[in-house]
Structure formats: structure tokens, C-alpha cells
Amino acid sequence: MMAGDRATQTPSPATPSAPEAAVEVERLSAWYGATAAVRDVSLTIPARQITAIIGPSGCGKSTLLRCINRMHEVAKGARVEGTVRVDGEDIYAAGVDAAVVRERIGMVFQRPNPFPTMSIWDNVGVGPRLLGMRGSVLSDVIESSLRKSGLWDEVGAKLRTPAIELSGGQQQRLCIARCIAVKPEVILMDEPCSALDPIATIRVEDLMRELAREYMVVIVTHNMHQAARVSDKTAFMLAEDRDGGRLIEFDATDSVFTGPADRRTEEYVTGRFG
Amino acid sequence: MIATSSRNRRRRKAIDTLATAGIIGAGAGAIVPLFAILIFLLLKGLPALNLQLFTQNPGPTGVAGGGIQNSIVGTAVLMALSLAIGLPFAIATGVYLAEYGRGRVGFVVRFLVDVLAGIPSITIGLFVYTVVVLRMGTFSALAGGLALALIMVPIISRVTEEMLLLVPQTMREASYALGVPKWRTVLTIVVPAARSGIMTGVILASARAAGEAAPLLFTSLGNNFRSTSITSPIDALPLRIFTYATGPFAYQHAQAWAASFILVAFVLVLSVSGRLLLLRGRR
């Protein structure tokens, strides 16, 4: 599979067992204290595709992402309005446990953040273990997660060594393995390659395409080329009036980059600002 | 132009030399008392040190000989008791302050912990005397352990808080993102990551408590016989030092020096191992 032609492709063929999760964001606004970060965003993210959220710094793309698995509320003074539905279920409804939401919607962060005191094995195992997995079930999950993230051949022989001894790119793929070990339906990635070198970036991008066969992948990136390379659909956000970022355009990646409907999208993707 | 004002340059150099000399002098001045004490202890304490000290209880008053085994065992029992009583509270308080106590309640708790840290240890002894000793009708190791625990708790909880706050937020987020609830994140990710720092705090607080005599005066009282019962009075090294140093007999003075030497050596070992642990944890 060539790196460039992904954008023009139709959704990857479905594996029958994979859940048909779609994420519907409706009239979502988010604040940090009095500062609006996201304003009135509505979009429906399709299952088993890669959706990229792009836009200049401060446009609220990371905040929007963090609203999708209720990580936004971890920050002090954070507030959310609107709804996010996963498979038709409102994750902000009363009585919904944020921890359960995050179990179904995993997240990979900008800087690789393996647990530094833990071994490679424990890093991947910590999630499933807390969910009650033990023994051979646990080792199977750890091995298959490491295989899916393409790390098994590199670290299979040194699973007991501390995770921080891995390279940055390996650490990030370890974080992806840790994320898929709890078997989420959706994987959110917040600028997952911005701390990585070009080679490691390519490996993570390849991995994203692999993951999109089974999971919905939503990636925030400030790298337009990355969005063009890996994503099926692209959302462009922009904060114009210091009142939080709004969704300007959301379409197939192809059309966003070659024939954007909005003048501002065109200016951004052609590099006139941002 | 480098050589313009060589007078100004000379003046600045002189001030620099003077200031450096002053700082080195002040530093040396601060270290002198410490070394003076250590040397004094070595000179006075080492000659009085013998095996008998560790294996015998004090003899009849006025009769030379005997040992301070009762005090050494007593200090060990008191340490174990105060840690057993204080550690759970102290760690829990520190976790609360760092992870949950962000609002008004947290502010009040933090303030009270600081106040507790500032209360004179003799006052803590008095408090435990009224609350525990008078009710139990007897001085006891339990009362002494409680008094020492009250001294240790504020130190350990503030160190715990600080060490937990040093754990990067990204690590908590990594755990939340796996669907791990907050309390489990704190217990399985955050506290273990801060473990060596917390241990250091525990060791330093223990060292501080081990040297306290005042809060034990009317809680554990002292005992001329070796005791390990928590409901009876118990001896401790600082108490023995106080009794012997103010006693009339020469052998008592010598044993007070020896006891001081043992106590300081114990505290020193604790402190140094605490710092080493912290260094290892930082790496």
C-alpha cells in the first residue's frame, strides 16, 4: 500500500467482528475556566477509518479530541456542553462513568508516556490487569498487542526491561500497544508523531493504517502532510474570534486538500497561514 | 576595549575575593558545630562503648556497670509503634493533599498539618498525657508511640504530598486513558512512582522522632528494665541520656555519652540512607 493513495481510498474492508462504532459529536463546546477552546462543533466520525483534525495552534483540535473520551474534564476548571454519542450512547449522560468511556475510547498522547517505573511487559499489561485479566489470558493480550503495534520483533526478547530504555519511536508504539491492550473501539491520537523523528513517524503512520482495519482512529495533527498521507476524512478547525475553535470544514481528505469548499480551508491547506 | 579601566577591574576583583572568602567562611562556620559535636561524641562516647551496654539492663543506682539494653530495645519498640500508628494516617493525608485536596478543605487540612508540625514536642507529650495516660491510668509505650507518631505525621504527609506532585500529570493521564479510575491510578501508578521519595520522608521523620526526649517524659516515662509490652512504661535512648547526664555518678555520665553516640550513629545511618534513596530515585 502506497503512502499517498490512502486518502483517495474508500473505507478499508470491514472485519466482521469489529464493532461498527461511530462517534457523533453534537453542538459541542468546551472551556478551560472562562476561556472557550471549542465552540459549537458538530460532526459524525465514521467507523474503521482514520479521521484527521487539523488547524493552526490554539484552534481547539486537541480539546475536541479530549472531549471524545472525557479526558477534557481532567483539567482544572474544564467544562463541556453538548453531546458526544458513541454507538448512539451519550457519554456525557448522567450516570456514565468516565473511566468506562475511556476504556472504550483509548488515547495516545503527544509525548510518549510509558510508565517509567514499569517494564515493557507491565506497561502493556497494566490496563488489562486492572480489568481483571490474569495468567495466560493476560500474556496472550500483551503479546498480541505488542504484535499489532509492530514491537514484538524488537522487544519480544527483553520484555522485562524498563520501558524507558526504549527509543522514542518504540516508546510511542509501546503506548499504542498499551492502548489497544484494553481492546478499545476508538483510538484517539493527539499529535502522536510530533515528538518523533521521520523514520519513527513513518512507522507510526503505517501502524495507524493497520489499526484502522479494526478500530476507528481519530488523529489530531498540526502536520498537514501527515493528515493528507494517512487520513480518510479531514476536519479543519479554526479559532477566529478568540471565542473558541469552530469546525470550518469536514469532508473526505481528498476534497479538503484538493477542492476545499471554504476559502479559509483553502488558505490553510495551501500554506497561506497557520 | 578590554584594558580601559584597570582600577575599576582591580576593585571588582578585590570585592569578588572578599565576598568569596566571606561565603566560604560562613559555610565553614556552619559546619564547625556539627563536626565539633561528632568529634566530641567520638572522644567521649567511644571509650564508654562496650558489649555490656547492649546486653544488660541498668544495675542498681550508684553501682557502676550495667547497660542500656532496655533503652535500645525501647527506642526500637517506640519506633515500630509510632510508624504503625502514624504511617497510614500520614500517607493517606499526603495522598489526599496531593490528589484530592485542591479546594478549600484541602487548604484547611494543609494549614492544620503545618500547624501540627510547628507544635512544640513537649506540648504533644502533654496532650497525649491527658488523653491517653490519664485514661489508661498508666504510662505506656503506646502513649509514647502515639506522641512520636504525632511528630512524624506532618513531616511524612507533607513530603508525600510534594513527592506525589512531582509525578508528571502525563502519567496520570496515561492511566486515565486506559480506563483506570482515579483512585486506582493513584494507588497503582502515582504512589509507586513516588515511592522512593516517600520512603525518604519516612526515614527522615523516623530519625527526627528517634531523637525526641520531651514527648516521652510523661508518656512512656522510662523503665529500668527491658520491656516490650506496649501497655507498660518503656525506656528510650533520649530519656536515658537525659536521666544519666543529669545524674550524680561518673559511670552514668560515661554511659550517657555512649548512649548519645549510639543514638547519633543510628540517626545518621537513617538520614544518610534516606538521602541515598532519594538520589537513587531521582535518577
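Helix 3 and helix 4 of chain A cross in a right-handed manner, and this is a good place to begin looking around what is a predicted model. Helix 3 covers residues 120-130 and helix 4 covers residues 135-148, and the two pack at an angle of about 120° with their axes 9 Å apart. Angles over 145 degrees count as roughly antiparallel and those from 65 to 115 as roughly perpendicular, so helix 3 of chain A and helix 4 of chain A are oblique to each other.

To see where these helices of chain A touch, find W121(A), V124(A), G125(A), P128(A) and R129(A) on helix 3, then L138(A), V141(A), I142(A), S145(A) and L146(A) on helix 4. Sorted by class, this contact has seven nonpolar, two polar and one charged residues.

Next, turn to the sheet in chain A. Strands of a sheet pair through backbone hydrogen bonds, either parallel or antiparallel. Here you will find an open sheet of four strands in the order 2-1-4-5, with antiparallel pairing. Strand 2 (35-45) and strand 5 (89-90) of chain A are its edges, each pairing on one side only. Strand 1 (residues 23-32) of chain A joins strand 2 of chain A over seven antiparallel bridges, and W31(A) stands opposite A36(A) in strand 2 of chain A. Helix 1 (residues 61-68) of chain A lies across strands 1, 2 and 4 of that chain, at about 60° to strand 2.

Finally, look at where the chains meet: 19 residues of chain A and 14 of chain B take part in the contact. On the chain B side, helix 7 (169-176) and helix 8 (182-193) each give two or more residues, with helix 7 of chain B giving the most, five. By class, this side of chain B has 10 nonpolar, two polar and two charged residues.

Conventions
Residues are numbered from 1 along each chain as its sequence is written. Chains are lettered from A and ligands numbered from 1 in the order in which they are written. This is a predicted model: local features need pLDDT of at least 70, side-chain atom pairs count only at pLDDT 80 or more; totals for chains, interfaces and linings use all residues. Axes are lines fitted to C-alpha atoms, for helices over the stretch in contact, and angles run from 0 to 180 degrees between N-to-C directions. Angles under 35 degrees count as roughly parallel, over 145 as roughly antiparallel, 65 to 115 as roughly perpendicular and the rest as oblique. A crossing is left-handed if the near helix is turned anticlockwise from the far one by less than a right angle, and right-handed if clockwise. Two residues are in contact if their C-beta atoms, placed from the backbone, lie within 7 Å. Ala, Val, Leu, Ile, Met, Phe, Trp, Tyr, Cys and Pro count as nonpolar, Asp, Glu, Lys and Arg as charged, and the others, Gly among them, as polar. Two strands pair if DSSP finds at least two bridges between them.
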